[in-house]
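Me: Please take a close look at the contact surfaces in this model, and give the cut-offs behind each term as you use it. I would like one connected account rather than a list.

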Amino acid sequence: MKHRPTAFLFLILCIALTTGCWDREELTDRVFDLAASTDLNKDGTYLTAAQFIIPSRIEQSSKGGIGGEKPYFIVTGSGKNILEAIQKTRQKLSRIITRGHRRNYYIGEDLAKQGIKDLLDEFSRDPGNRIRMDMWVVKGNTGLEVLQVPYPLEKIPAVATLKIHKAIGAASGTTFLEFLMASSTEGSCPTLPVVDIVPGDSSQRTIRLYGRAIFNHDYQLAGYINFVEGAYRAWILKEISYLEAEEYIPEAGGSVGVVITNFGIKLKSSISPENKVKMEIELSGVGRVSENNTNLDLRMLKNLKLVQNTINKKTSEHVLEMVTKVQKQYGADVLGFNETLNRQHPREWNKIKGQWDTIFKDIKVTVNVKVNLKSVGLVGPPLQFKEGDSKK
Amino acid sequence: MKISGYQLFWLIFTMEFGMTAIYSLSSDAFVAKQDAWISIIVATLICIFTTFVAVRLSLLYPEQTFIQYSQSILGKWLGKIILVPYILMWVSVTGIILREYADFVFVALFSSTPLWIVILIMLGAIVYVTYSGGLRSISRCSEIIGPITVLSTILVILLSVKDWNWLRILPVYSNSGLLPIVKGGLSPASFLAESFMVVMLIAFMTKPERALVSSLAGVAAASFAVLVMTLFIIMVLGPNLPAKFIYPMYSVVTYISVMEFIQNVDVLNVLIWIIGIFIKASLYFFITSYGTAQFFHIKKWKNTIWLIAPIVFVISLLPRNTNEVMNFAKFWRDVIFPVNLVGIPLLLWIIGSIRKKYMLQ
């Protein structure tokens, strides 16, 4: 008790010392980097660009509509490595760069082809960066170009790719870490999602999610698979939550479109003594008919079965085409077959892992899609048909 | 200065969990890749054994501290000689803990604050808590901090559930082997074995007979928490990446993002770890001061604080970079851990038990 006055004084002193911010690095001294890009210059140096928010304009546009002034601006810098390029960027910035909110990173096609090995380290080493980040390859264009494309729905265009990615049912923010995991795993080849720039509304251009870029073991771009192929790949890796499939039904002379959800996957591998690997892929899902351009009355079980069988058969073929393309054309295991084999036949895997790249090309793959059509929507036969037109 | 069994449990848990999870789960612990969690189980078994030895050793002389009874067991001079490496170990590890803490704070929070200020502020808190009430205030702090640590750890784990991929733990065993698993366990074991410090704490217990249960439960709880963290790291980062991170635990927590708005929870965690480190450093500081006082027969043990504090401060500033700090951790694992934490206590226990039996006859 006798210490009371001293303790009290000390407490007050603490308040005086700790409540203020001493080196005053407040919001007005920071600039938030929401997306950035790196491209290859003609002379072999890197060009980095970043999209920064202009906070005052964000407020304006939320109050009084779009005033014509963009709420972001882009600053670029080039250098022999990333840090030097950032240094050049900083020379043009009045505020300190804060990267905690950066979600997207675009890589130009030229750079991706040359290899992104030198790019990766900076992202995970610098504690200011987050490893939860999406990296994108820009097909047929530069990353800087993507940053410059405005997007009508989002105030900050960089948010658009993120949201597109999420809207199509993929997990967001995981691609960078997955890239690192794949490149550090024996046999796996890394991938990144791809965007490209396409002509959009009137004179405007817009960003489109193209598919997936496949890299080789030297972190160089080997090629692309398109959006649907990418979705099949995601199905095999169980990273998908939504997929549309349309198939032509020859028996009914029209096409039926279904939306698939509740995905499941079973991989069964087997390996012969001569190191011949077989892989049985069984993909399952729950489907719901959302478009029917045939004359089939889908209330009839027989017709629904027909549609279901055709869709399963055709989709199986498409998935197999994708797998064959990845096997033969790129020779890069981006389907996690190596991990499946490692899990299911660990002893054999230890023997063959050194020659996986050659073995992977000759894997015998069988695909069996089992989508269960559970609902046909609100109508049986298409409403526009006359009585008698529809096939019972 | 008396502590209860409950307090001893929380003391051991808080001092072990934070440091082990963030520092020892690095490249050395992940030698066995996705089987690192088996390494942790190996480490747990080792440490339950060493803790058992330490407690049984102390219970031979429940009224005395390690400093006193090692002299009773081995005689005055041999006992003193054997205590020298312990005093040196305690002084140096207190300094190194402070430095490890400051290095981490430097990376995670304040990259422009000088290290010595970060260290000095923590040292100030440690000196204050040790001077004001000694072991009693430290154990009361741990009683409050411990449950908070547990709650926040559970929170972090719950927030990360959706990033888990169970398949990443498979295949079990076949990609590593016995040697990497045991090797991976050594570094966490060397951290968990710091529960050896009970040899200085049991003398302060109101009911020494509860010491065995409390300390073993403390070690087991801390090991279990570390095990969960290890599984969590593997399930998020896969088998190959964790070994490449300096602080995989921290990197994993920065990765958490729930529904796009619960993000950057690492700051919360850093704070929890900091108060955990505070408990550990204070305990070591108390043990060093009290031990030194008993060693030199200084009547008022609190006077040694003013000698130990500057020494600890200087030691914490000695390493020139983070790699030298890690070299100390290697030295701790390869030399101090087998000799000071396993070898000598085991020897003392054997000699002490024989002596007691002989004396009774």
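Reply: Between the two chains, 19 residues of chain A are in contact with 26 residues of chain B, contact being taken as heavy atoms within 4.5 Å. This is a predicted model, in which local features need pLDDT of at least 70 and side-chain atom pairs count only at pLDDT 80 or more, while totals for chains, interfaces and linings use all residues. Residues are numbered from 1 along each chain as its sequence is written, chains are lettered from A and ligands numbered from 1 in the order in which they are written, and side-chain values use heavy atoms, with hydrogens and water left out.

The area buried between chain A and chain B (the accessible area, with a 1.4 Å probe, that two parts lose on being put together, summed over both) comes to about 1,900 Å², and carbon and sulfur atoms give 51% of it. On the side of chain A, the residues that lose the most area to chain B are Arg130(A), Arg132(A) and Arg343(A), which together make up 32% of what that side buries. The rule nevertheless finds 0 salt bridges across this interface, a salt bridge being a side-chain nitrogen of Lys or Arg within 4 Å of a carboxyl oxygen of Asp or Glu. It does find 3 residue pairs in polar contact, both residues at pLDDT 80 or more; a polar contact is a pair of N or O atoms within 3.5 Å, where within protein one must be able to donate a hydrogen and the other to accept it, and residues adjacent in sequence count only if both atoms are side-chain atoms.

The elements giving two or more residues to this side of chain A are α8 (175–184), α11 (337–344) and α12 (346–352) of chain A, where helices (H or I, at least four residues) and strands (E, at least two) are DSSP runs numbered from the N terminus. Of these, α8(A) gives the most, with 4 residues. By class, the side of chain A that touches chain B holds 6 nonpolar, 7 polar and 6 charged residues; here Ala, Val, Leu, Ile, Met, Phe, Trp, Tyr, Cys and Pro count as nonpolar, Asp, Glu, Lys and Arg as charged, and the others, Gly among them, as polar.

Chain A also has a contact surface within itself, between domain 1 (27–237) and domain 2 (242–392), with bounds that come from an automatic or database domain assignment. The C-alpha centres of these two domains of chain A lie 32 Å apart, and 22 residues of domain 1 are in contact with 31 residues of domain 2. The area buried between them is about 2,200 Å², with carbon and sulfur atoms giving 69%, and Tyr232(A), Trp235(A) and Ile236(A) supply 39% of what domain 1 buries against domain 2, more than any other three residues.

Between the domains the count is 1 salt bridge; Lys325(A) forms a salt bridge with Glu229(A), their closest N and O atoms being 3.2 Å apart. The rule also finds 9 residue pairs in polar contact across this domain interface, both residues at pLDDT 80 or more. On the side of domain 1 that touches domain 2, β8 (205–215), β9 (221–226) and α9 (227–236) of chain A each supply at least two residues, and the largest share, 6 residues, comes from α9(A). That side has 13 nonpolar, 6 polar and 3 charged residues.

One backbone detail belongs with these strands: Tyr219(A), found in the loop between β8 and β9 of chain A, has a positive phi of about 60° although it is not a glycine.
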